[in-house]
Amino acid sequence: MKITNQSEVVIKGKSNVNSFECKYNSAFIEDEIQVSLSKQNAKIVLDGAKIAIKSTGFDCAHKMITKDFKTILKANEYSNIKLEVKEITTLKEHISAKLKVEIAGVSKEYTIPVTYDSKNNNVKGQLKINIKDFNLKAPKKLLGMVIVNDNVDIHFNLFLQY
């Protein structure tokens, strides 16, 4: 299976002054991964569904925000953000994915709703995280007058090729 470079990963956040959006450079995406599946009733357990996202691969459309964002991620120390899909559960029309996320060497697991379009082999979802859960800290700017919110949303729109 391959995650094609049509895919998108966008991280959205806010400060007390404005909001920001950091897009991942899709040229880095074309990952070939070997995934094995086992079905257990309404649950599909995956093994090997891991992708590594380069911490330096984000562009926040503003040079200073991009620099701060890479500082928050500790990009010099930790070159990758790792995402692993552990299992997918289907209940009627509702699909959820259990994800393991590793940022700056700290791992957390989340279960989130996702959509799957079998015609386009497209998986979409949104993960809300608090950067403090990963021992990360947002910088304060302008003598503490600009404060970045600890909560960010990770939007992913992945196109798969088998």
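The following paragraphs lead through a predicted model, from its nonpolar core to its aromatic rings, its disulfide and the pairing of its strands.

A convenient place to begin is the interior. The largest nonpolar core has 38 residues, and those with the most contacts inside it are F58, F69, I103, L127, I129, F134 and F156. Several elements contribute to this core, for β2 (8–14), β3, β7 (50–54), α1, β10 (94–103), β11, β12 and β15 each supply at least two of its residues, while the largest share, five residues, comes from β15. I103 illustrates how such a residue is surrounded: leaving aside residues up to four places away in sequence, I103 touches L73, I81, I129, F134 and L136.

The aromatic residues deserve a closer look. The model contains three aromatic pairs. In one of them, the ring centres of Y24 and F58 are 5.1 Å apart and the planes meet at 55°, so the pair is described as tilted. Because Y24 belongs to strand β3 and F58 to strand β8, this pair ties together parts that are 34 residues apart in sequence, and both Y24 and F58 are buried. F58 also pairs with F69, with ring centres 5.3 Å apart and planes at 75°, so that this pair is edge-to-face. Here the link runs between strand β8, which holds F58, and helix α1, which holds F69, the two residues being eleven apart; F58 and F69 are both buried. Ring pairs join Y24, F28, F58 and F69 into a cluster, and the charged end of K54 sits over the ring of F28, 5.7 Å from its centre.

K54 leads on to strand β7, whose two faces can be told apart. A general point helps here: in a regular strand the side chains alternate between the two faces of the sheet. In β7 the covered face carries I51 and I53, whereas K50, A52 and K54 lie on the uncovered one. β7 is joined by five bridges to strand β9 (residues 80–91), the two running antiparallel, and the bridge partner of K54 in β9 is N80.

The disulfide is the next feature to consider. The structure holds one disulfide, formed by C22 and C60, with their sulfur atoms 2.0 Å apart. The torsion about its S-S bond is about 105°, so the disulfide is right-handed. C22 lies in strand β3 (residues 19–24) and C60 in the loop between β8 (58–59) and α1 (63–72), so the pair ties together parts that are 38 residues apart in sequence. Both cysteines, C22 and C60, are buried.

Further along the chain, strand β11 (residues 106–117) and strand β12 (residues 122–130) pair in the antiparallel sense over four bridges, and D117 stands opposite N122 in β12. Four residues separate the strands in this hairpin, where N121 takes a positive phi near 50°. β12 also pairs with strand β15 (residues 151–161), again in the antiparallel sense, over nine bridges, and within β15 the bridge partner of Q126 is H155.

Is I44, finally, buried, partly exposed or exposed? I44 has its place in strand β6 (residues 43–47), and its relative accessibility is 26%, so I44 counts as partly exposed. Not counting residues up to four places away in sequence, I44 touches L37, S38, K39, K86, E87 and I88. Of these contacts, K86 is 42 residues from I44 in sequence, with the two C-alpha atoms 8.7 Å apart in space.

Definitions and conventions: Residues numbered from 1 in each chain as written. Predicted model: local features only at pLDDT ≥ 70, side-chain atom pairs only at ≥ 80, totals over all residues. Heavy atoms only, no water. Pairing = 2+ DSSP bridges. Disulfide = S-S within 2.5 Å. Buried < 20%, exposed > 50% of the residue type's maximum accessible area, 1.4 Å probe, protein only. Core = buried A, V, L, I, M, F, W, Y, C linked by side-chain atoms within 4.5 Å. Contact = heavy atoms within 4.5 Å. Phe/Tyr/Trp six-rings, centres within 6.5 Å; stacked < 30°, edge-to-face > 60°. Lys NZ or Arg CZ within 6 Å of the ring centre and 35° of its normal.
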